[in-house]
Amino acid sequence: MAPLNLQHRRTHNLLLISKLLNQRETTSPFTLISDTLAQSAKPLVTEYIRRANIAKTSIVYVSFETLRRPHGVNAFVLAWGTPLRSWQGEGANYVKPTAAGQRTLLIIDSLAQLVALPDINLPALLSSFITPTTSLLAVYHTDIPVPASRSSPYSPTPLTLLSYLATALISVHSLHHVLAKKSARERSLAEPVFGLEEGVEGVLQGLGSNDERGLVIEVEYRRKSGRGIKEWYFLPSLSARNATAAKPATKPKEPVILLEDHPLYHRALEDVTRPGANDESMDTTFDLGLTEKQRRDREGVVLPYFDAQKGGGEGGRILYDMGAEDDFDEEEDEI
């Protein structure tokens, strides 16, 4: 890609993720976040809450699995163990448009409980919360299996249906897992699997799950025109950002960067493309490398044609220095 086009793409996509996280200009009325045991969506939800507080946006938090009210939330609706009509009416009261036109962000921390309910019209339920001044942010745990009563060969799965309704799809991944898979791809090796994908009994999370350095965000944004935009980003953790904030000269305006701009993502590619990077990992029965002593001995060998290049003008005369073990034969050597 040309440098100019690359810079334009970088600027455009960074502006897009900034709009999505800040919920500016009703960028996405319904944002669906998919997470797994390998990487939780809680750091991303916390980032949404932090930015909503900066923008003076009212936050309504519908809880199915959160026990304590998160910091910065204006209204906390306890939905677990509460009848559907009860918490739905309570949430609808909080998202009613006000005369001041204040924006509202409604967060549902888990859709797994709603998906498991029998005879529920999930699209109608979620659409009832969306208004011109209200945006919906919902989390779907892909590792939780769908109940058999909700699965049918004649209807789409809940995740497929929600993905069709959402205007922005976000999948979170562990940075450690993304780097490990990329390194394997660059070496033409099978990508490693982690957690439940390993198929090992008793293993729920793999090494490197919920990386403390930050999380990788895979975004698919759907415009009103129908055109989709896909991009991978990296969101540093709050601890990493606080460490960077101690140096005002290096403090970035936007903490989110493109994944391809991450230093470790670049390093994984450089380690593969560097000459001799894979010599030690070759599966052979002999050693192709040289020790330092063998390399010096090889460089010190003087080949016969080197002396021929110095003399010059003597035709095809063969230069040979006899050793002590050589047997001189007058008839043959005089030829």
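A contact here means that heavy atoms lie within 4.5 Å of each other.

**Figure 1. Overview of the predicted model.** The structure shown is a predicted model. Among contacts in the protein with a separation of 6 or more, 67% are between residues 24 or more positions apart. The protein has 12 helices and 9 strands. Of its 335 residues, 33% are buried.

**Figure 2. Confidence of the prediction, with residues 272-281 in view.** The average pLDDT of the protein is 81, and 81% of the residues score at least 70. Over residues 272-281 the pLDDT is below 50. Beyond near neighbours in sequence, this stretch has 5 contacts in the model.

**Figure 3. The largest pocket and its lining.** The volume of the largest pocket is about 550 Å³. The lining consists of 26 residues, and those closest to the centre of the pocket are His-173, Ser-174, His-177, Val-178 and Lys-181. At least two lining residues come from each of strand 1 (30-35), strand 6 (168-174), helix 7 (175-186) and strand 8 (228-236). Helix 7 gives the largest share, with 4 residues. By type, the lining has 10 nonpolar, 8 polar and 8 charged residues.

**Figure 4. Surroundings of Val-172 in strand 6.** Val-172 has a relative accessibility of 4%, under the 20% limit, and therefore counts as buried. Leaving out residues up to four places away in sequence, Val-172 touches Ile-33, Ser-34, Asp-35, Gln-39, Ser-40, Ala-41, Leu-44, Leu-215 and Val-216. Thr-36 is 136 residues from Val-172 in sequence, while their C-alpha atoms are 7.9 Å apart in space.

**Figure 5. The salt bridge between Asp-261 and Arg-10.** The closest N and O atoms of this pair are 2.8 Å apart. Arg-10 belongs to helix 1 (residues 3-22), and Asp-261 lies in the loop between strand 9 (257-258) and helix 9 (263-273), so the salt bridge ties together parts that are 251 residues apart in sequence. Arg-10 is buried, at 18% relative accessible area. Asp-261 is partly exposed, at 27%.

**Figure 6. The salt bridge between Arg-185 and Glu-191.** The side chains of the two residues meet at an N to O distance of 3.2 Å. Arg-185 has a relative accessible area of 43% and is partly exposed. Glu-191 is also partly exposed, with a relative accessible area of 39%.

**Figure 7. The salt bridge between Asp-211 and Arg-213.** In this pair the closest N and O atoms are 2.6 Å apart. Asp-211 is buried, with 15% relative accessibility. Arg-213, at 37% relative accessible area, is partly exposed.

**Figure 8. A network of salt bridges.** Four residues are linked in this network: Glu-47, Arg-50, Arg-51 and Glu-254. The count of salt bridges in the model comes to 11.

Notes
Residues numbered from 1 in each chain as written. Predicted model: local features only at pLDDT ≥ 70, side-chain atom pairs only at ≥ 80, totals over all residues. Heavy atoms only, no water. 1 Å grid on protein atoms, 1.4 Å probe; cavity = no way out; pocket = protein on both sides within 12 Å on 5 of 7 lines; lining within 4 Å. Points joined across faces, edges and corners; volume = space filled by probe spheres on them. Nonpolar A, V, L, I, M, F, W, Y, C, P; charged D, E, K, R; others polar. pLDDT = per-residue confidence, 0-100. Buried < 20%, exposed > 50% of the residue type's maximum accessible area, 1.4 Å probe, protein only.
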